[in-house]
Amino acid sequence: MTEVLTAAGMRAVEHAAMESGRVTGLELMERAGQGVVEAILEHWPDGRRALVLCGPGNNGGDGFVVARLLAGLGWQVEVLLLGDADRLPPDAKVNCDRWRRMGPVSGLTDARMEGYAGDNPGVDVAVDAIFGIGLTRPFQSLGRTQRALNLWAAASPRDSRFPGVVSIDVPSGMDADTGEYPGCGQENPLDSCILANMTVTFHRPKAGHLAGHGPAACGKLIVKDIGL
């Protein structure tokens with residue numbers, strides 16, 4: 001039987017590992033980003049262009065690692081950040097600065113996503129690193145960003161002009177414990193929240209991946225070992 005964790009359980013495992021001195025938060029973030037890149041290369045071996053959408057917490061930090069590693073492999077990478085880089089948590093800020101030595105960080109806004117509208121966005125993979133398992137409040141996503149990601153997730157399996165969508169840990173806005181989308185206020189929450197073709201999580205599946213809307217929202221679930 002596969003062990004399944006809650007968000008609190010996963011944080012406890014990470015905390016225990018760091019308290020023991022066996023690993024640092026920065027090392028765990030690097031391993032997580034590497035796991036996402038491995039999954040991307042396994043499923044999009046011919047990809048060369050990525051759009052990485054980073055949020056204001058450690059999920060965004062994972063996204064900066066993904067951007068840096070993909071760029072190091074020769075990919076063209078654009079990074080958009082929701083929020084202020086100077087207010088990122090310490091480990092995420094380190095990885096933001098590491099990425100900035102390779103490329104710029106632009107603001108994640110609906111207006112910025114206008115550039116990806118149309119029948120050929122010019123991207124092979126879009127990485128959703130906006131919010132992860134730490135989100136404890138309703139997430140009102142940027143409307144145009146959400147619509148673009150969901151259009152791509154729906155179209156990419158049958159039309160290679162559209163990028164595949166990869167979420168880190170959970171599709172942004174999904175409760176990692178229940179698989180629900182608090183605060184969406186829609187009859188079908190999947191119409192107003194971010195969906196993915198593939199979700200990459202770490203160490204163990206979370207309860208929400210398997211419950212509620214989780215299976216539909218996450219797409220293919222990949223669990224990567226990060227040494228915990």
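Let me start with His203, which sits in the loop between strand 6 and helix 7 (207-210), where helices are DSSP runs of H or I with at least four residues, strands are runs of E with at least two, and both are numbered from the N terminus. His203 has a positive phi of about 75° although it is not a glycine, and with a relative accessible area of 13% it counts as buried, the class for values under 20%, with exposed meaning over 50% and partly exposed lying in between, for a 1.4 Å probe and protein chains only.

Before going on, I should say that this is a predicted model, in which local features need pLDDT of at least 70 and side-chain atom pairs count only at pLDDT 80 or more, while totals for chains, interfaces and linings use all residues. Residues are numbered from 1 along each chain as its sequence is written, and side-chain values use heavy atoms, with hydrogens and water left out.

Asp169 is another non-glycine residue with a positive phi, near 75°; Asp169 lies in the loop between strand 5 (164-168) and strand 6 (198-202), and is buried at 10% relative accessibility.

Turning to the interior, the largest nonpolar core has 49 residues, with Ile40 and Val77 having the most contacts inside it; such a core is a set of buried Ala, Val, Leu, Ile, Met, Phe, Trp, Tyr and Cys residues joined through side-chain atoms within 4.5 Å. Helix 2 (residues 25-43) gives the most to this core, namely seven residues. If we leave aside neighbours within four places in sequence, the contacts of Ile40 include Val66, Trp75, Val127 and Met198, contact meaning heavy atoms within 4.5 Å. A second, separate core has 20 residues, among them Tyr116, Leu135, Ala155 and Ile194.

Tyr116 also belongs to the one aromatic pair that the structure holds. Tyr116 and Trp152 meet edge-to-face, at 6.3 Å centre to centre and with 75° between the planes; the criterion is that rings of Phe, Tyr and Trp (its six-membered ring) have centres within 6.5 Å, with planes under 30 degrees apart called stacked, over 60 edge-to-face, and the rest tilted. The partners are 36 residues apart, Tyr116 in the loop between helix 5 (110-113) and strand 4 (125-129), and Trp152 in helix 6 (residues 143-155), and both are buried.

Trp152 is also one of the contacts of Ala126, together with others including Leu51, Leu149 and Pro163, again setting aside neighbours within four places in sequence. Ala126 itself is in strand 4, and is buried with a relative accessible area of 0%.

What about the surface? Arg48, in the loop between helix 2 and strand 1 (49-54), counts as partly exposed because its relative accessibility is 46%. Beyond its neighbours within four places in sequence, Arg48 is in contact with Trp75, Gln76 and Asp124.

Finally, the largest pocket is lined by 22 residues, of which Glu14, Met29, Asn58, Asn59 and Asp62 lie nearest its centre. On a 1 Å grid over the protein atoms alone, a pocket is an open set of points where a 1.4 Å probe fits, with protein on both sides within 12 Å along at least five of seven lines, and lining residues have an atom within 4 Å of a point. Helix 1 (7-19), helix 2 and helix 3 (58-72) are the elements giving two or more residues to that lining, and helix 2 gives the most, with four.
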